[in-house]
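Colleague: I would like to learn how to read burial, strand pairing and chain contacts in a model. Could you take me through them one at a time?

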Amino acid sequence: MKNTQISLRQCGIIIAMCIFANKILLMPSLMFENSKSDSIFVLIFLFALDFIALPIFLRLKKHYPTERLYDILKDKIGVFVTKLIFILLIVFFFFKCLLVFSVTYVYFKNQIYHDEFIFLAFISFLPVISHAAIVGIRAFSRTMELFFFFVIAGFIVCLCISLFTPISMPYFFTTTAKDFFTSTYNHIFSFGDFAFLFLVIDRIKISDGEEKSIYKYAFFSMLLVLILYILFFAKYQITAFMHNNALADMLVFSVQFNAIGRLDIIAMITIMLMTVFQMEIFSFAFCECFQSIFPLLNRAYAIVFFDILFCVLYYVFVGKYENVVSSVVSWLPVLGMIVSYLLPILFWIISYQKRRGKIEKTD
Amino acid sequence: MPFFDVKQKIEELKSALNNSVDFSSRYFEKNGQEIGMVFLKSITDQALFSEALYLPLQTYEKPLDMEILRNDIIKGTDVKIIDDNEMVQEILDGKIVFFTNFSDEILAIDFLKFPTRVPSEPPTSPVIQGPREGFVEDLQTNITLLRRRIKSPDFTIETLRVGSVTQTKVCVGYIKGISNKKVVRKIIKRLKEIEVDGILDSYNIVSFLQDKPNSLFRQIGNSEKPDVVVSKLLEGKACIIVDGSPIVLTIPFIFLEDIQNSNDYYTNHHYSSFVRVIRLFGLMISLIAPGFYLALQIYHYNILPLNFLITIADTTQGLPFTPFLEILFIFLLFQILYEVSLRLPSYLGLATSVVGALILGDTGVKAGLISPPGVIIVALSKIALYTIPEEASQVTVLQLLFIIFGGSLGLVGIISGLVYLANYLNTIDSYGTPYLAPYSPRIQNDLQDAIFSKPLVQIKTRPKSFNPEKEKIK
């Protein structure tokens, strides 16, 4: 067990990567269609909802420092319901992974490759994420730790360069409450990033007094995403819905971009790194759930199943990311709500019960 | 009843050593006291033997006993009492085995002598400033070079024999109280488990000591310089000295050690930090430059600044090869020239360079077979490779892989390759030390002497990565 543990810093970086997932390319323009510049409030609202899961996670970790989520749930709610929850988690993480891939696929296809060959190029991610899922969380979290500086630096450079072009603050409160909640519902699947933490609850090494470090990473990455949205809406105003690659487009339409040269390589590399890391996280989560449901099968079966499912489903969606996007706003939000909000409530009840049990014992 | 039939024992030993041509024995009889001495003349200092043992024995008038022999007669050399079954091995180690008919004691007297090099500056690690001594092939000299620098009773050396035929002496050196005990125990255990006929060089035991023997990346450090090995011992590592090899191994090993160089510690720390960044940059250029160039040329040409793009378009127009084959061809050409220049005598090396650089390179460009940017990129990556010569072998293999990734998958292939590589390196632990420490995982304490280094006066603790027994430097 010791060899598979990760530090709190690595955990924070994983969370940061999850927070960037699906939010920095396509989502700003999609959100704008629903709720205009008030999307920023939607974002803040969804982030705030996400944040509630963090203290629940820390409390649960305190009560069950070394136990797996599967074992905790099995003891409390039985094997059948636990397996059902893990099936939901499998679907949740799988579609998160597929969504990340689809959005990045479209970005690169439009930006560079322009032909179907990109499908092959992008499939090159699969061996990488399969390898990561097999070698485990410790290895890939260390890799993320190694590249984290470059990812954040790339992100910040993209934001900073956009500041050289004149921007004006967007108009707020132009939409109705219905638009607000529609937008919230439509994009809820892209949130709920802390679900991953519960899944690897036994792998995270937390010393006393260190807990706030995880808040720092979560807050910092949410802040970066929020700044991106503000700058994006400030820069593109009513045309924001036309810019499907928010982070990259912040660079492309800057004066300095043309003066210095093709700086979009910064965005490309940043997005590529983020995509690989996010896919690694989600595929690992998929394999963890798979192995919990089928404990007799080893990790290789899980990842082979993931790869086959991924290729088949991707083949269905290839070049038609509209299909993925329509799924995101139709049935996936229901799944997102269950995983992001109902499960943390369940975990809160479990940790509350445990705490009560401890107090009664002490009395 | 005599303890040994001396003449018979000499014959037995001669037979045990298969009547070897360098077998030599002396039989000595005085007042009914018989003495036998057996040795191999090829590895024994015969002049010293005559002067320090044979002549004093002949001139000694009183009756002999072993105590007198040890204390009064044998002078200026090591003597130890051995068992009957150790005699052959001691003779093979260059000792003179001494036995008598009046005592059951057998003495092994050290008169070992064989040709050795004088410690000189190793060709692989020259320094601008700092000590110029290097290890030699003689185990004892190498231990002396270390002992001279560590005048501490805690510096411990344990000796083992490895190789069923060669019986090579392998020493494990460490500083008690600093080096991690578990690491030392693990090294000794692995050395004891080695089952081979012979160990001819320290490299022969490397794969037995590595956690991942099939890995492309070396997980054991090495050095030819005693000052470097001592500094590693002081960090909490252990060293392995193999008789017959001028290369001393150090364990645990991390990737960062290849970025660091002994020169760094004999210059200003600002400058050493600067050159380490340059080395790292050189390594990255060497690793991905050809693949990246291919990715840009084939898939992402719109990223290139217009002037640069025009230059490339001009020079690559009309080439018979695709960009991928062109770079592959130049890469292989460079590698062939490199291999040839390594193995040819120096007087032919110049001719090869002329043929390679002028005829193949220049004429190839003029003939329109290869493009100048292609040659420049591959040459740059090959030169940059030697900013870290220790990594040259593995990076060369990786260069080829990145050429394939960049040429077939573009930038996505390069990034995928880099992440895969980092994931793989992060699975390697060298005796409990993460291979990419202190950056991955980040170990704040060890960043004081990583890529950027602090002045020595500010370094108060040993690197935590190596789990030393004592972290504070006193």
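Modeller: Happily! A residue counts as buried if 20 or more other C-beta atoms, placed from the backbone, lie within 10 Å of its own, as exposed if there are 12 or fewer, and as partly exposed in between. What you see is a predicted model, in which local features need pLDDT of at least 70 and side-chain atom pairs count only at pLDDT 80 or more, while totals for chains, interfaces and linings use all residues. Residues are numbered from 1 along each chain as its sequence is written, and chains are lettered from A and ligands numbered from 1 in the order in which they are written.

Colleague: Let me try that on one residue. Is I81(B) buried or exposed?

Modeller: I81(B) has 12 other C-beta atoms within 10 Å, so it is exposed. This residue sits in strand β3 of chain B, residues 79–82. (Helices, H or I with at least four residues, and strands, E with at least two, are DSSP runs numbered from the N terminus.)

Colleague: Which residues is I81(B) in contact with, leaving aside neighbours within four places in sequence?

Modeller: Contact here means C-beta atoms, placed from the backbone, within 7 Å of each other. By that rule I81(B) meets E105(B), I106(B) and L107(B) once neighbours within four places are set aside. Y431(B), by contrast, is 350 residues from I81(B) in sequence and 38 Å from it in space, C-alpha to C-alpha.

Colleague: Now for pairing. Which strand pairs with β6(B), and in what sense?

Modeller: Two strands pair if DSSP finds at least two bridges between them. Strand β6 (residues 155–162) of chain B runs antiparallel to β7(B), with eight bridges. Here R161(B) stands opposite K169(B) of β7(B). Five residues separate the two strands in their hairpin, where G163(B) has a positive phi near 100 degrees.

Colleague: And how many residues of β7(B) are buried?

Modeller: Strand β7 covers residues 168–175, and seven of its eight residues are buried. β7(B) also pairs in the antiparallel sense with β9(B), residues 238–242, over four bridges. In that pairing G173(B) has C239(B) as its bridge partner, and V170(B) has V242(B).

Colleague: Why is β9(B) described as largely enclosed?

Modeller: Because five of the five residues of β9(B) are buried, the rest of the structure largely encloses this strand. A238(B), I240(B) and V242(B) point one way from β9(B), C239(B) and I241(B) the other way, and all are buried. Three bridges tie β9(B) to the antiparallel strand β10 of chain B, residues 248–251, and there I240(B) is matched with L249(B). The hairpin of β9(B) and β10(B) has five residues between the strands, and G244(B) in it takes a positive phi near 100 degrees.

Colleague: How do I read a core?

Modeller: In soluble globular proteins, nonpolar side chains tend to be buried together. A nonpolar core is a set of buried Ala, Val, Leu, Ile, Met, Phe, Trp, Tyr and Cys residues joined through C-beta atoms within 7 Å. The largest one here has 198 residues, and M17(A) and F286(A) are among those with the most contacts inside it. α5(A) gives the most to this core, 19 residues. Domain 2 (139–253) and domain 3 (268–425) of chain B each supply at least three. (Domain bounds come from an automatic or database assignment.) Another core, apart from this one, has 18 residues, including V6(B) and V38(B).

Colleague: Last feature: how many residues of chain A are in contact with chain B?

Modeller: 27 residues of chain A are in contact with 25 residues of chain B. Among the elements that each supply at least two residues to that side of chain A are α1 (8–20) and α14 (264–293).

Colleague: And the overall form of chain B?

Modeller: The C-alpha trace of chain B spans about 100 × 50 × 40 Å along its principal axes. The C-alpha centres of its domain 1 and domain 3 lie 64 Å apart. Of the 474 residues of chain B, 36% count as buried.

Notes. Two residues are in contact if their C-beta atoms, placed from the backbone, lie within 7 Å.
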